[in-house]
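Reader: Got a minute to walk me through this one? I'd like to go through the contacts and the fold.

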Amino acid sequence: MTRHVRPYGDTTGDGMVQTSFTLPVPHGPKADGAARQLANRMGIDPAMVVHSHPIGADFTFFVVYGRVNHVVDLDEVRVVEREYPLLSPAEVNAAVKRVLRRKLVVVGACIGTDAHTVGIDAILNVKGFAGEKGLEYYRELRVVNLGAQVSVPELVRRARAEKADAVLVSQVVTQRDAHLLNTREMAAAFREAMGSRRPLLIAGGPRFDPLMAGELGVDRVFGRGTTPGEVAGYLVHAVSAKPTKEVPA
């Protein structure tokens, strides 16, 4: 594989890119000029405004196309690689039964004011996502979906009451980094309430960077496009590395 790469538009390595943004400028020639200037300062030169459209009286949306000279060194790219195998539902069930000798309890929620349950439902509900059944489909997983706008204290209380092995938190609202603030608050609350006996903490959403797990205080971060099978595989991998938590009869 080539180590150094550039964007591809019409021909390999021509550096052509397309980007879109909004400026607080009324639609017109001056707005187009402002968009080109911004694109130039972003390293796009020459920059062509291929689309501009007014958004109300004082804003304009742009699509800009042009060339960049930047080169990506693939040896310097840092990402979170999946370090566990993807398993079928039958394999997940067998592994949970072997490791825990009971059902693995998963509590999921959208915390804070976030009311977007599409993400958490795609992972937890039987209907699933991308052709995969959600975690409710797995016989050896017990799923408690708390839904939207769950406060952090309520999430901690329910996780303790359900004897959760894992807590999945979905965050879609990202204005003013709300997803990051909420996740840090959640992680701190579990550390304070349960210490080292806290459940696995997993955050997910389209704007999360998987590299931020340690910074946010959680065990794993899943980004855009995550499937239920990936989450199930991680749960098996993670609980296998933790001491077994017995549940009184």
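Reader: Which residue forms a salt bridge with Arg 3?

Author: A salt bridge here is a side-chain nitrogen of Lys or Arg within 4 Å of a carboxyl oxygen of Asp or Glu. For Arg 3 the closest N and O atoms of the pair are 3.1 Å apart. Arg 3 sits in the segment before β1 and its partner in the loop between β5 and α2, so the pair ties together parts that are 72 residues apart in sequence. That partner is Asp 75.

Reader: Before we go on, what kind of model is this, and what pLDDT do side-chain atom pairs need?

Author: Residues are numbered from 1 along each chain as its sequence is written, and side-chain values use heavy atoms, with hydrogens and water left out. It's a predicted model, where totals for chains, interfaces and linings use all residues, local features need pLDDT of at least 70, and side-chain atom pairs count only at pLDDT 80 or more.

Reader: Is Arg 220 buried or exposed?

Author: Arg 220 meets Glu 83 in a salt bridge at 2.9 Å, N to O. Arg 220 is in strand β10 and Glu 83 in the loop between β5 and α2, so the link spans 137 residues in sequence. Buried means under 20% relative accessible area, exposed over 50%, and partly exposed in between, with a 1.4 Å probe and protein chains only. Glu 83 is partly exposed at 45%, whereas Arg 220, at 10%, is buried.

Reader: What is the relative accessibility of Asp 165?

Author: Asp 165 forms a salt bridge with Arg 102, with the closest N and O atoms 2.8 Å apart. The two are 63 residues apart, Arg 102 in the loop between α2 and β6 and Asp 165 in the loop between α4 and β8. Arg 102 is buried at 14%. Asp 165 counts as buried too, because its relative accessibility is 7%.

Reader: In what order do the strands of the open sheet come?

Author: Helices (H or I, at least four residues) and strands (E, at least two) are DSSP runs numbered from the N terminus, and two strands pair if DSSP finds at least two bridges between them. The pairing in this sheet of 5 strands is parallel. Its edge strands, β7 and β10, each pair on one side only. The order is β7-β6-β8-β9-β10.

Reader: How many residues of β8 are buried?

Author: β8 is joined to β6 by 5 bridges, and 5 bridges also pair β8 with β9. Ala 166, Leu 168 and Ser 170 point one way from β8, Val 167 and Val 169 point the other way, and all are buried. So the strand is mostly covered, and the tally is 5 of 5.

Reader: Which helix packs on the sheet and touches β6, β7, β8, β9 and β10?

Author: Contact means heavy atoms within 4.5 Å, for a start. The helix in question covers residues 228-240, and its direction makes about 155° with that of β9 (axes are lines fitted to C-alpha atoms, for helices over the stretch in contact, and angles run from 0 to 180 degrees between N-to-C directions). It's α7.

Reader: How far apart in space are Ala 159 and Val 107?

Author: Ala 159 is in helix α4 and counts as buried because its relative accessibility is 2%. Its contacts include Val 107, Val 167 and Phe 190. Ala 159 and Val 107 are 52 residues apart in sequence, yet their C-alpha to C-alpha distance is 6.4 Å.

Methods:
Lists of a residue's contacts leave out its neighbours within four places in sequence.
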